[in-house]
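Me: Could you take a close look at one part of this model with me? I would like a connected answer that I can follow along the chain.

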Amino acid sequence: MHKEFETFYHRFQELTEKNEVSSVSLAKGIPIVQELISSDLWFRDFIKEALIERSWLKQQQSTLWPNELTIYRSPDHSFLVRAYIWEPFSMDTIHDHGSWGIIASFINGIKEIKYRRRDDGAVAGYAELEETVAKVLKQGEITCVLPLNAGIHQMGNMSEEIAVTINVYGRTMRRGYLQFFDRERRTVKRVYPPRTYKEVLMVRTFGAMGSGEDILKGALVNPLPDYVKEEYETAITVSKRRVP
Ligand SMILES: [Fe+2]
C-alpha cells in the first residue's frame with residue numbers, strides 16, 4: 001500500500017473511531033479526502049499492483065456497480081474507499097445509498113444531479129422526485145451524500161475522456177440492496193448484487209407461475225437475510241392469488 005494512502009486511512013480511522021465523521025457531519029472528513037486526491041501516485045500504485053500481481057483482481061466478486069473498485073475496507077467496517085471508473089458518456093441510474101458518502105472528482109470532471117423525494121414512501125414501488133441540484137464537479141471538487149432518502153442522486157461522465165471518482169462510504173445502515181428510481185415513470189425498485197438478483201428473479205418468477213407456495217415456504221427455512229425473506233413472502237402471496 002502506498003504511503004500517502006496509508007496516511008489517509010489512518011487519519012480517517014481516527015475520525016470514525018471518535019465518531020467525528022458520521023451522517024450528522026461529514027465536515028471533518030472532507031479535507032482528508034481532499035488531501036488524498038491531491039496526488040494520483042497512490043492510485044497509480046494501486047492499479048499497478050492489481051495488474052501485475054493480480055491477487056486483487058482474483059479476489060473481486062461481482063458487485064451491483066460493475067465500474068467500482070474497492071480499494072480499502074476499514075477493519076471495524078466504519079468506512080470503505082472505492083474508485084468508480086466512468087467511461088465516456090456514461091450515466092448511472094438515479095439511486096439512494098445505504099450509508100453516507102464523500103465523493104471526490106479525481107480524474108476529469110463528473111456530473112451530479114441531486115434529488116429530493118416528494119412522496120412519503122407509503123405506496124410500494126411509487127416515488128416522486130424533484131431535482132434540487134445539477135452540477136459538474138471539476139477535478140478536485142467534492143460532493144456528499146447521506147443515507148437513504150437524504151442522498152438520492154445520479155452521476156455521470158458527459159465527456160469524451162475516462163473519469164474517476166474516489167468515494168469514501170461510511171458504516172452501512174441498510175445492507176443488501178440499493179433503490180433505483182425512474183423519475184418519469186415515478187417508480188422505485190430494489191436493486192441487488194448479481195447473485196442475490198438471480199435468486200430474487202427465480203423467486204418472483206416462481207411466484208408469478210403459481211402453485212409454488214410449498215416450495216417457496218420450504219426454501220424459507222434456509223438462513224436468509226430479511227430483505228430476501230421479504231421477496232419470498234411477497235412471492236408466496238402472489239402465488240396464492242394466482243388462479244391455476
Ligand atoms: Fe451514488
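Which are the buried residues of H5?

Reply: Happy to help. First, two notes on reading the model: residues are numbered from 1 along each chain as its sequence is written. The model is predicted, so local features need pLDDT of at least 70, side-chain atom pairs count only at pLDDT 80 or more, and totals for chains, interfaces and linings use all residues.

The buried residues of H5 are Val 200, Val 203, Phe 206 and Gly 207. Here a residue is buried if 20 or more other C-beta atoms lie within 10 Å of its own, exposed if 12 or fewer, and partly exposed in between, with C-beta atoms placed from the backbone. Helices (H or I, at least four residues) and strands (E, at least two) are DSSP runs, numbered from the N terminus.

Seen down the axis of H5, the buried residues fall within an arc of 130°, so they line one face of the helix; the arc is that of the directions from the helix axis to the C-beta atoms. An α-helix has 3.6 residues a turn, so residues three or four places apart point the same way. On the face of H5 turned away from the buried side sit the exposed residues Pro 194, Lys 198, Leu 201, Thr 205 and Ala 208.

What does the buried side meet? The buried residues of H5 pack against helix H6 (213-219) and helix H7 (226-241), where contact means C-beta atoms, placed from the backbone, within 7 Å.

The length of H5 fits too: its 16 residues (194-209) should span 22 Å at 1.5 Å a residue, and the end C-alpha atoms are 22 Å apart, which agrees. The expected span is 1.5 Å times one less than the number of residues. After H5 comes Gly 210, with a positive phi near 85°.

For comparison, look at H3. This helix has 13 residues and reaches 18 Å from its first C-alpha to its last, close to the 18 Å expected at 1.5 Å a residue. Just after H3, Arg 54 takes a positive phi of about 70°.

H3 (41-53) is also among the elements that give two or more residues to the largest nonpolar core. That core has 29 residues, and Val 33, Ile 37, Ile 102, Ala 104, Ile 166 and Val 168 have the most contacts inside it. A nonpolar core is a set of buried Ala, Val, Leu, Ile, Met, Phe, Trp, Tyr and Cys residues joined through C-beta atoms within 7 Å. E10 gives the most to this core, with five residues.

Notes:
Contact = placed C-beta atoms within 7 Å.
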